[in-house]
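User: I am new to this structure. Please take a close look at a single part of it, and then relate that part to the rest.

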Amino acid sequence: MESFGTRLADLRREHNLTQNDIADRLNISAQAVSKWENDLTSPDIDTLLKLSDIFNITVDELLGKKRQEPVYVPVEARKDVNKMVLRITVDSNDGDRVRVNLPMAAVRIFLNNDSVKVFSGNKALEGIDFNQIYALVEQGVIGELVSVDSADGDHVRITVE
């Protein structure tokens, strides 16, 4: 299993950042970042949150938990769709963070009611066909179904569990 320090160093390089860049953003020393990357010490919880924001990932991902890739669940192993949850995360380039957790039963109601526009008004969600997402879930597809990184820096993730 990959260590936290290795994961942090890999993320930093993927984002073309130096240890000094990370240190400057966190108002700490580059030596502290070096110690984390060498697994000599670990950041505190508040710093983990800030690091996850820098890399635009969840703290779970930062700590090594893998994203839930989409999978097909056979009919005999499926949960009742009404007992599943649609999770939407939006991190906009201008600092807005939105977290929505909706039971799929509520999603179905919203999709069947034209007067309710729960997903309208957010540019990051434009063009996402929630009817198609619901149809995929009914057919047994779960996990991270949508992942969009826009050119202007917005990040949208839609997961069904």
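Analyst: Ser-52 counts as buried, because its relative accessibility is 4%, and the cut-off for buried is under 20%. The model is a predicted one. Ser-52 is part of helix H4, which covers residues 45-55. What does Ser-52 touch, leaving aside its neighbours within four places in sequence? The contacts are Ile-57, Thr-58, Val-59 and Leu-62.

One of these contacts, Ile-57, also belongs to a nonpolar core of 15 residues, whose members include Leu-8, Leu-26 and Leu-48. This core is separate from the largest one, which has 20 residues. In the largest core, the residues with the most contacts inside it are Leu-86, Met-104, Phe-130, Ile-133, Ile-158 and Val-160. At least two residues of this core come from each of S2, H6, H7, S4 and S5. H7 gives the most, with four residues. As a general point, nonpolar side chains in soluble globular proteins tend to be buried together.

Helix H7 spans residues 130-138, and its buried residues are Phe-130, Ile-133, Tyr-134 and Val-137. These residues sit on the same side of H7 because they cover an arc of only 100 degrees around the axis. The general reason is that an α-helix has 3.6 residues a turn, so residues three or four places apart point the same way. The cover over the buried residues of H7 includes strand S2 (85-91), helix H6 (104-112), strand S4 (141-149) and strand S5 (155-160). At the N-terminal end of H7, Asp-129 acts as a cap, with a side-chain oxygen 3.0 Å from the backbone nitrogen of Asn-131. After H7 comes Gly-140, with a positive phi near 105 degrees.

The strands belong to an open sheet of five, in the order S1-S4-S5-S2-S3, with antiparallel pairing. Strand S1 (71-72) and strand S3 (97-103) are at the edges; each has a single partner strand, so one side of each has no neighbour in the sheet. Between S2 and S5 the antiparallel pairing runs over six bridges. Ile-88 has Ile-158 in S5 as its bridge partner. H6 packs on the sheet, where it touches S2, S3 and S5, and its direction makes about 95 degrees with that of S3. H7 lies across S2, S4 and S5 and runs at about 150 degrees to S4.

Terms used. Residues are numbered from 1 along each chain as its sequence is written. This is a predicted model: local features need pLDDT of at least 70, side-chain atom pairs count only at pLDDT 80 or more; totals for chains, interfaces and linings use all residues. Side-chain values use heavy atoms; hydrogens and water are left out. Buried means under 20% relative accessible area, exposed over 50%, partly exposed in between (1.4 Å probe, protein chains only). The arc is that of the directions from the helix axis to the C-beta atoms. Contact means heavy atoms within 4.5 Å. A polar contact is a pair of N or O atoms within 3.5 Å; within protein, one must be able to donate a hydrogen and the other to accept it, and residues adjacent in sequence count only if both atoms are side-chain atoms. A nonpolar core is a set of buried Ala, Val, Leu, Ile, Met, Phe, Trp, Tyr and Cys residues joined through side-chain atoms within 4.5 Å. Two strands pair if DSSP finds at least two bridges between them. Axes are lines fitted to C-alpha atoms, for helices over the stretch in contact, and angles run from 0 to 180 degrees between N-to-C directions.
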